[in-house]
Amino acid sequence: MNTATTILPDQKKIGMVSLGCPKALVDSERILTRLRADGYAMSPDYAGADVVLVNTCGFLDSAKEESLQAIGEALAENGRVIVTGCMGEEADAIRAAHPAVLAITGAHQYEAVVDAVHTHAPPSQGPYVDLIPQPDIKLTPRHYSYLKISEGCNHSCAFCIIPQLRGKLASRRIDAVLREAEKLVAAGTRELLVISQDTSAYGVDTRHDPRDWKGREVRAHMTDLARELGGLRTPEGQVPWVRLHYVYPYPHVDAVIPLMAEGLLTPYLDIPFQHASPKVLKAMRRPANEAKVLERLKAWREICPEIAIRSSFVVGFPGETEEDFRYLLNWLEEARLDRVGGFRFEQVEGARANALPDHVPEELKEERYARLMEVTERISTERLAAKVGKRIPVIVDEVGEPDEDGDIGATARSQADAPEIDGQVYLRNVPATLVPGAVIEVEIEDSDAHDLFGVPV
């Protein structure tokens, strides 16, 4: 009896260049997960890819330039490029610079991206070749994951074009978010990073639509979400770290601080203050009750002394005077934030701020930026020095090889440190059995302006 053997064709391979913020990284993960379900494989380099996806950032002119450079590099190395992401809204500018791109789609347009890939690199296998379900693709290490709870934003800040790029607030269903979080933790995630354009506004667009979750009603609301995430447990029965990003200081944020004090949420808030001067905040179209914010910071620290606050500030916004800038520096001296990022104001095409009078000269922006960094670095140095001699939990990101004396080092982060944007904890003399994702207690031996140094207890 003759039997015919069917040889399956090689899988088409997709390369991915992902630029911009963690929200774009989540978009990249979802696109790649969809494509793998359609029979595609992933390529780690340009040479092996049948088509390359470039997920762009279009928030600032400098980010657009970086995106155009990345598209150019992909074209030079591979030649078959599909562009997506925030800068995809400016298709004419992309095609003017790189007319050879195959297709262009906008931010979080998953179906359009997949359709473009199908058109220019048709799948050689059906989606059911692999009978064993494949896990979702992650572009982050196994032990931490970004959990995107919404898209878009309802704010109209003068310096920002996010609503034009990503639309108005569109919240995910609460049960879908919790199901994804539960699945991630069960698969090995030990740290969930909650992201959106405005985490505090989660569910406003759906009137905080309640859903059934494990026999109880849960609203699409930040406080309900925080409480439910605080109830998750790893397969070993541990509480995963849950870190809240992009939190606007609305009154209901006060309700999540006790969850941090109880150890159910990571004592960390990423709050985009942007400035402190009431005049500048008004020009930015931002909430301008900076005095009340200082009172709330004090109250939060009384409830949860370990809480770390990170924020970012813009210097050189149109109309910012020396008095405004000194107001910001004095506010920072009083607020004593743990982590601070600084940005020089940059015009973004389509932003209202471009039309404001009294633009600050570039050399003055640089001078103010340097002064801002000097103050915030000193405050960071002082706050980190206060941790020397204490014992704190850390999550391990990377374990090194033994040195000539057999000592093994590791790179970790404290609860005050989000990946990629904050500091690190450098460990010495760790056990050879230590693995990334482990949460261990360490004693802090030294510190500098941004990082801590310690040893496992």
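The legends below describe close-up views of one predicted model. Local features need pLDDT of at least 70 and side-chain atom pairs count only at pLDDT 80 or more, while totals for chains, interfaces and linings use all residues. Residues are numbered from 1 along each chain as its sequence is written, and side-chain values use heavy atoms, with hydrogens and water left out.

**View 1. An open sheet is formed by five strands.**
The order is E2-E1-E3-E4-E5, and the pairing is parallel. Strands (E, at least two residues) and helices (H or I, at least four) are DSSP runs, numbered from the N terminus. Two strands pair if DSSP finds at least two bridges between them. Strand E2 (41-42) and strand E5 (103-104) are the edges, each pairing on one side only. Strand E1 (residues 13-18) joins strand E3 (residues 51-56) in the parallel sense over five bridges. Across this pairing, Gly15 stands opposite Val52, and Met16 has Leu53 as its bridge partner. E3 also runs parallel to E4, again with five bridges. There, Asn55 of E3 faces Thr84 of E4.

**View 2. Strand E3 is largely enclosed by the rest of the structure.**
Is E3 buried or exposed? Six of its six residues are buried. Buried means under 20% relative accessible area, exposed over 50%, and partly exposed in between (1.4 Å probe, protein chains only). Val51, Leu53 and Asn55 point one way from E3. Val52, Val54 and Thr56 point the other way.

**View 3. Helices H1 and H4 meet strands of the open sheet.**
Helix H1 (residues 22-37) lies across E1, E2, E3 and strand E4 (81-85). The angle between H1 and E1 is about 175°. Helix H4 (residues 110-120) packs on the sheet and touches E1, E3, E4 and E5. The direction of H4 makes about 175° with that of E4. Axes are lines fitted to C-alpha atoms, for helices over the stretch in contact; angles run from 0 to 180 degrees between N-to-C directions. Contact means heavy atoms within 4.5 Å.

**View 4. Strand E6 pairs with strand E9.**
E6 (residues 144-148) has five of its five residues buried, so the strand is largely enclosed by the rest of the structure. Tyr144, Tyr146 and Lys148 point one way, while Ser145 and Leu147 point the other. E9 spans residues 191-195 and runs parallel to E6 over five bridges. Tyr144 stands opposite Glu191 of E9.

**View 5. Five strands close into a barrel.**
The barrel runs E16-E17-E18-E20-E19, with mixed pairing. From one strand to the next, the twist averages 50°. Strand E18 (residues 425-427) and strand E20 (residues 452-456) pair in the parallel sense over three bridges. Leu427 is set opposite Gly454 in E20.

**View 6. Helix H11 packs against helix H12.**
Two packed helices are described by the angle between their axes and the distance between the axes. For H11 (residues 322-335) and H12 (residues 362-385), the angle is about 10° and the axes are 10 Å apart. That makes H11 roughly parallel to H12. Angles under 35 degrees count as roughly parallel. H11 contributes Glu322, Phe325, Arg326, Leu328, Leu329, Leu332 and Glu333. H12 meets them with Arg368, Arg371, Leu372, Val375, Thr376, Arg378 and Ile379. The contact residues divide into seven nonpolar, one polar and six charged. Here Ala, Val, Leu, Ile, Met, Phe, Trp, Tyr, Cys and Pro count as nonpolar, Asp, Glu, Lys and Arg as charged, and the others, Gly among them, as polar.

**View 7. The largest nonpolar core has 53 residues.**
A nonpolar core is a set of buried Ala, Val, Leu, Ile, Met, Phe, Trp, Tyr and Cys residues joined through side-chain atoms within 4.5 Å. Which residues have the most contacts inside it? They are Leu229, Leu269, Trp331 and Leu337. Not counting residues up to four places away in sequence, Leu337 touches Phe273, Leu297, Arg301, Ile309, Ser311, Phe313, Trp331, Leu332, Ile379 and Arg383. Another core, of 17 residues, lies apart from the largest one; among its members are Tyr46, Ala49, Leu75 and Val101.

**View 8. His208 and Tyr246 have positive phi values.**
Most residues other than glycine have a negative phi. Phi of His208 is near 55°. His208 sits in the loop between E9 and strand E10 (211-213). Its relative accessible area is 22%, partly exposed. Tyr246 has a phi of about 55°. The loop that holds Tyr246 lies between strand E12 (241-244) and helix H8 (257-261). Tyr246 is partly exposed, at 22% relative accessibility.

Definitions and conventions:
Angles under 35 degrees count as roughly parallel, over 145 as roughly antiparallel, 65 to 115 as roughly perpendicular and the rest as oblique.
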